[in-house]
Amino acid sequence: MALDYDNSAFYYFCLTMLGFYVLPASYYAACTFVKAFDLFPTKKRDERKAARTSVEAEKAQRLKEREKVLSAGYLGHLVLLFFAWLVLSYLVYLVAFDSELARFDPFLILDIPTNADDQTIRRSYRKLSLKWHPDKNPGNKFAEEMFMKVAKAYEALTDPVSRKNWEDFGNPDGKQALEVSIGLPTFLLDKQNHYAILVVYLGVLVLVIPGIVASWYAHSQKFGENNVMYETYSFFLRALSEHSTCKMLPEIIAGAAEHRQAKAQTRKKSLDDSATAALKEVAGKLRGVMPRPRFEHPAVVENNVLFHAHLTRTPLQHPALRRDLDVALGSSMRLCEAMLDLAQSKRWLQTSLNIIEFMQCLTQAVWLKDHQLLQLPHFTSQEVAHATKGKHACKTLAEYVQLPDDQKKGLAHMDDKHVEDVLTVCRLVPRVETSFVLACEDEAEIAERDLVTLQATLIRHHADERDVAPPVHAPYFPA
């Protein structure tokens with residue numbers, strides 16, 4: 001049995017393939033739009049997004065203003081989706097009015113009501129058969145097809161057997177045999193199009209598909225675990241050592257390949273004179289804080305300045321510098337985890353502890369010589385000095401959190417809202433009790449070269465047993 005190319009089947013094939021893109025893409029676009037403008041707020045979402053302090057509310061507002069809902073990518077997606085819907089609508093129109101797939105309806109063909117009598121049926125048949133007669137429309141294939149349809153419709157309404165076949169099987173000729181065809185357009189059979197089709201086929205098969213696969217493979221080969229580039233691991237391996245201190249880590253993370261590539265892309269639109277001047281001004285303020293640089297790469301130097309500005313809470317007035325810092329901080333935790341994995345694989349205990357301390361500093365925007373109480377909202381050096389002297393003085397944040405609220409110092413010059421912010425953060429600070437037991441199986445004492453089992457027990461007192469620990473309070477960290 002020979003198979004023919006069928007336009008109607010091709011329409012259905014295109015509808016199916018296009019639907020796989022249009023429906024999920026429309027849902028994504030609608031959800032993104034609703035989420036961005038908060039059109040249908042829910043109680044669960046409000047509770048999740050609720051700011052616990054005023055500084056968290058300010059941070060949420062900054063992040064919301066920074067997000068670009070109508071970004072170039074989103075707008076491009078909407079334009080593509082719009083044209084996809086146009087094509088989909090056109091295909092639906094073609095399928096609905098296609099003669100090969102349309103349902104056979106004799107009343108519709110003869111243009112008569114369903115309750116028409118025999119005289120009305122015969123009158124309409126004579127009129128339409130004369131209109132579409134092949135002798136009056138020579139060479140018109142559509143007229144020939146319509147003439148045959150009119151005759152078949154008249155037969156279906158006047159002949160009892162044909163009418164029963166139409167009512168039972170939808171066709172006056174009775175049950176039809178299964179027809180199989182190829183779901184490709186008929187223009188592919190036109191000999192004039194064969195060379196063009198062959199060129200397109202070879203181009204897609206030989207150039208486009210291998211190019212996409214090669215591009216994806218080349219890009220994926222650059223990344224290792226946790227989506228960190230192998231070049232970054234290589235740089236960390238050279239820059240880190242068992243003697244790496246916490247002061248050295250901002251420059252090391254600034255030299256990650258991800259940061260250097262991001263700078264290379266942004267330098268295509270090089271910083272204007274005002275941004276460069278602002279960066280030099282910030283570097284001047286940090287002259288006594290930053291150690292002497294080990295690397296002279298421009299991107300490393302710039303990121304090193306930005307990281308130190310964040311750690312010392314030095315304000316960045318230029319929007320380009322703030323944007324670059326947010327991008328660097330966005331990947332900082334992932335890169336710190338990569339440094340930590342590398343240090344642990346080398347069994348560098350002190351370096352691992354320094355990396356953990358550096359991660360905490362990045363999260364809270366405090367540096368080595370800063371007091372722990374600066375992690376509390378609205379606390380400055382003045383409040384820290386008051387809280388660390390005199391009666392009920394506290395040297396650490398843990399001591400301050402454990403004090404009763406009426407004994408906490410440093411709140412005298414704050415208004416009620418700021419005081420409530422401080423007390424809220426004190427309730428959010430993790431309070432964990434730890435205990436450790438070292439034991440050697442079947443041995444009363446531990447001797448050299450024995451296999452030792454370490455059992456660690458952690459009990460948290462700041463959250464119920466079945467509750468999830470609340471998110472950390474980090475108003476300076478853009479995440």
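**Exercise 1. The salt bridge of Arg 427**

Arg 427 has a relative accessibility of 45%; assign the residue to an exposure class, and identify the partner with which its side chain forms a salt bridge.

*Solution.* The model is a predicted one. Step one applies the cut-offs: a residue is buried under 20% relative accessible area, exposed over 50%, and partly exposed in between. At 45%, Arg 427 is therefore partly exposed. Step two turns to the partner, Glu 420, whose side chain meets that of Arg 427 in a salt bridge with an N to O distance of 3.2 Å. Step three classifies Glu 420, which is partly exposed at 40% relative accessibility.

**Exercise 2. Two further salt bridges**

Determine how many salt bridges the structure holds, and describe the exposure of Asp 405 and of Lys 408.

*Solution.* The structure holds 5 salt bridges. One of them joins Asp 405 to Lys 408, with 3.2 Å between the closest N and O atoms. Asp 405 has a relative accessible area of 43% and is partly exposed. Lys 408, at 8%, is buried.

Another salt bridge is formed by Arg 260 and Glu 231, whose closest N and O atoms are 3.1 Å apart. This pair links distant parts of the chain: Arg 260 belongs to helix α12 (residues 257-266) and Glu 231 to helix α10 (residues 230-239), a separation of 29 residues. Glu 231 is partly exposed, with a relative accessibility of 42%.

**Exercise 3. The buried face of α6**

Which residues of α6 are buried, and against which helices do they pack?

*Solution.* Begin with the geometry. Helix α6 spans residues 118-131, 14 residues in total, and its first and last C-alpha atoms lie 20 Å apart, close to the expected 20 Å. Next, list the buried positions: Ile 121, Ser 124, Leu 128 and Ser 129. Viewed down the axis of α6, these buried residues fall within an arc of 125°, so they line one face of the helix. The spacing follows a general rule: an α-helix has 3.6 residues a turn, so residues three or four places apart point the same way. Finally, the buried residues of α6 pack against α5 (106-110) and α7 (141-158).

**Exercise 4. The two sides of α15**

Which residues of α15 are buried, and which are exposed on the other side?

*Solution.* Helix α15 covers residues 319-330, has 12 residues and reaches 16 Å from first to last C-alpha, close to the 16 Å expected. Its buried residues are Ala 320, Leu 321, Asp 324, Leu 325, Ala 328 and Leu 329. They occupy an arc of only 165° around the axis, which puts them on the same side of α15. On the other side of α15, Arg 323 and Gly 330 are exposed.

**Exercise 5. Surface and overall fold**

Which helix contains Leu 202, and of what surface patch is Leu 202 a member?

*Solution.* Leu 202 lies in helix α9 (residues 194-220) and is partly exposed at 42% relative accessible area. Leu 202 contributes to a nonpolar surface patch of about 1100 Å², whose members include Leu 198, Tyr 201, Ile 209 and Val 213.

For the wider setting, the chain exposes about 32000 Å², with carbon and sulfur atoms supplying 58% of that area. Of its 479 residues, 34% count as buried. The chain contains 20 helices and 2 strands. Among contacts between residues at least 6 apart in sequence, 64% join residues at least 24 apart.

Methods
Residues are numbered from 1 along each chain as its sequence is written. This is a predicted model: local features need pLDDT of at least 70, side-chain atom pairs count only at pLDDT 80 or more; totals for chains, interfaces and linings use all residues. Side-chain values use heavy atoms; hydrogens and water are left out. Helices (H or I, at least four residues) and strands (E, at least two) are DSSP runs, numbered from the N terminus. The expected span of a helix is 1.5 Å times one less than its number of residues. Buried means under 20% relative accessible area, exposed over 50%, partly exposed in between (1.4 Å probe, protein chains only). The arc is that of the directions from the helix axis to the C-beta atoms. Contact means heavy atoms within 4.5 Å. Patches are made of residues with over 30% relative accessible area and no salt bridge: like charges are joined within 9 Å, nonpolar side chains (Val, Leu, Ile, Met, Phe, Trp, Tyr) within 5 Å. Accessible areas come from the Shrake-Rupley method with a 1.4 Å probe; for residues, only the protein chains shown count as cover. A salt bridge is a side-chain nitrogen of Lys or Arg within 4 Å of a carboxyl oxygen of Asp or Glu.
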